[in-house]
Amino acid sequence: MNSNTVANAYDSSNPALRVLRAFGWGNDILCIGYCTIPTMPMLLLGRPGLQQRRLAVRSTRLLRFNPGDRVLDAACGMGFTSDLMGRQGCVVTGVDLLPQHIQRAREQYARNANVRFVTADVTNLQEQGDCFPFGDAAFGKVHCLEAAFQFGPQGRRAFLQEAYRLLVPGGRLVLVDFVWRTETPGEIDAVDPLRLVRDTWRFEEFEPVHRYRRLALEIGFVPRAALDWTGPVLDRSLRGLAALASCARSPVGRAALACFRPSLRTVTATQWEQFAAVADAYAAVRRETGYAAIVLDKPTQ
Ligand SMILES: C[S@@+](CC[C@H](N)C(=O)[O-])C[C@H]1O[C@@H](n2cnc3c(N)ncnc32)[C@H](O)[C@@H]1O
């Protein structure tokens with residue numbers, strides 16, 4: 001997908017994203033979040049940041065990095081996770097396709113001398129010339145949190161190949177992504193017939209988890225783990241989304257939401273309905289979807 005297509009997934013003129021933004025999603029970190037039961041009320045209070053940060057911490061922990069390690073944070077969004085690793089002593093290059101995300105990352109984390117941000121397509125880093133001046137085996141770790149679903153099937157293969165090329169022998173890739181439960185990702189047509197989910201978040205299909213593993217083996221990686229985070233990430237967040245959608249369906253609920261989040265006062269009844277329809281469509285897609293943290297090592301020789 002090109003940068004204009006991806007950019008639409010972060011454009012808050014979309015009613016569904018506008019409501020989510022008002023409830024705190026995507027303000028400085030764009031992932032869903034790792035929710036524990038005691039922190040679930042935070043979602044409804046419009047403070048998902050705690051869970052989002054927890055997901056970034058859990059995901060980066062899988063890298064097992066040491067201070068001084070060179071890390072590529074692929075599709076870094078607005079840079080939160082790159083900064084997190086930089087503050088722990090890694091030397092981080094955060095790369096994202098969208099110039100507006102990279103600009104925000106540079107502004108927010110300018111003080112962190114361990115981190116630099118680059119606008120580039122992570123599925124094709126070899127062709128990026130001066131803006132990505134790194135050769136083979138330039139990084140000890142590669143991290144990609146909740147972004148590969150937007151790369152498309154060919155882009156995911158290309159990204160895994162790029163990660164392999166850029167890692168030192170013995171290096172590690174951690175890829176956290178939505179995954180399709182069966183071998184046939186085209187089944188998403190049946191559960192998202194109006195493309196409400198796909199057009200909101202700008203993707204075509206999720207990678208089947210088995211295909212990720214096969215692809216990784218084919219490229220030469222040694223799979224170390226595939227952790228199923230569907231419950232804490234998808235299910236608990238979707239419960240929060242369903243609660244918002246049920247408020248959005250009644251005038252009283254909508255008034256309450258707008259009272260709580262004044263930026264929502266100008267959302268029209270039609271836009272609230274669109275939001276609720278996207279939430280319902282997401283629940284249908286979820287039944288065929290999981291969320292996994294995949295750990296892959298490049299062999300030492
Ligand atoms: C859901 S966000 C996750 C961002 C970040 N990892 C985080 O957790 O905040 C997905 C990001 O992937 C980026 N992206 C999508 N396709 C890309 C590509 N081919 N190359 C680089 N970045 C890409 C988007 O611009 C967006 O910032």
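Reader: Which residue lies over the face of Tyr34, and at what distance from the ring centre?

Author: Good place to start. This is a predicted model, and in it Arg58 sits over the face of the Tyr34 ring, 4.1 Å from the ring centre. There is another case of this kind to look at: Arg261 lies over the face of Phe260, with 4.7 Å to the ring centre.

Reader: Staying with rings, how many aromatic pairs are there?

Author: The count comes to 16 aromatic pairs. To read one, take the distance between the ring centres and the angle between the planes; planes over 60 degrees apart count as edge-to-face. Phe149 and Phe178 have centres 4.9 Å apart and planes at 80 degrees, so this pair is edge-to-face.

Reader: Where in the chain do Phe149 and Phe178 lie?

Author: They come from distant parts of the chain, 29 residues apart. Phe149 is in the loop between strand S4 (139-145) and helix H7 (152-166), while Phe178 belongs to strand S5 (residues 167-180). Both Phe149 and Phe178 are buried.

Reader: What kind of pair do Phe149 and Phe203 form?

Author: Phe149 and Phe203 are edge-to-face, at 5.6 Å centre to centre with 75 degrees between the planes. This pair also links distant parts of the chain, 54 residues apart, with Phe203 in the loop between helix H9 (196-201) and strand S6 (207-208). Phe203 is buried, as is Phe149. Step back and you can see one aromatic cluster, formed by Phe149, Phe178, Trp180, Phe203, Phe206 and Tyr291.

Reader: Which residues have the most contacts inside the largest nonpolar core?

Author: The general idea first: in soluble globular proteins, nonpolar side chains tend to be buried together. Here the largest nonpolar core has 61 residues, and those with the most contacts inside it are Trp201, Trp229, Phe275 and Tyr291. Helix H13 (residues 269-286) provides the largest share of this core, 8 residues. You can trace the packing from Phe275: leaving aside neighbours within four places in sequence, it is in contact with Ala16, Val19, Leu20, Leu241, Leu244, Ala245 and Ala248. There is also a second, separate core of 32 residues, and Ala74, Val118, Leu125 and Phe139 are among them.

Reader: What does Thr93 touch, and is it buried or exposed?

Author: Thr93 lies in strand S2 and counts as buried, at 4% relative accessibility. Not counting residues up to four places away in sequence, Thr93 touches Val71, Leu72, Asp73, Arg116, Val118, Phe132, Phe134 and Phe139. Val118 and Phe139, you may recall, are included in the second core.

Reader: How do I read a helix such as H6: which of its residues are buried?

Author: Find the buried residues, then look down the axis. In helix H6 (residues 99-108), His101, Ile102 and Ala105 are buried. Seen down the axis, the buried residues of H6 fall within an arc of 95 degrees, so they line one face of the helix. They pack against strand S2 (91-96) and strand S3 (115-119). Gln100 is also found in H6, but it counts as partly exposed, at 43% relative accessibility. For a sense of distance across the model, the C-alpha atoms of Gln100 and Ala284 are separated by 32 Å, and these residues are 184 apart along the chain.

Reader: Which residue that is not a glycine has a positive phi of about 55 degrees?

Author: Arg64 is one such case, with a positive phi of about 55 degrees. Arg64 lies in the loop between helix H4 (49-61) and strand S1 (70-74) and is exposed, at a relative accessible area of 65%. Ala137 also has a positive phi, near 55 degrees. Its place is in the loop between S3 and S4, and Ala137 counts as partly exposed, at 31% relative accessibility.

Reader: How many disulfides are there?

Author: A disulfide is a covalent bond between the sulfur atoms of two cysteines. The count in this model comes to 0 disulfides. Take Cys90: the closest cysteine sulfur, in Cys76, is 15 Å from its own, too far for a bond. Cys90 is buried, with a relative accessible area of 0%. Cys131 is in no disulfide either, and its nearest cysteine sulfur, that of Cys76, is 13 Å away. Cys131 counts as partly exposed, at 31% relative accessibility.

Definitions and conventions. Residues are numbered from 1 along each chain as its sequence is written. This is a predicted model: local features need pLDDT of at least 70, side-chain atom pairs count only at pLDDT 80 or more; totals for chains, interfaces and linings use all residues. Side-chain values use heavy atoms; hydrogens and water are left out. Rings of Phe, Tyr and Trp (its six-membered ring) pair if their centres lie within 6.5 Å; planes under 30 degrees apart count as stacked, over 60 as edge-to-face and the rest as tilted. Helices (H or I, at least four residues) and strands (E, at least two) are DSSP runs, numbered from the N terminus. Buried means under 20% relative accessible area, exposed over 50%, partly exposed in between (1.4 Å probe, protein chains only). A charge sits over a ring if NZ of Lys or CZ of Arg is within 6 Å of the ring centre and within 35 degrees of the ring normal. The arc is that of the directions from the helix axis to the C-beta atoms. Contact means heavy atoms within 4.5 Å. A nonpolar core is a set of buried Ala, Val, Leu, Ile, Met, Phe, Trp, Tyr and Cys residues joined through side-chain atoms within 4.5 Å. A disulfide is a pair of cysteine sulfur atoms within 2.5 Å.
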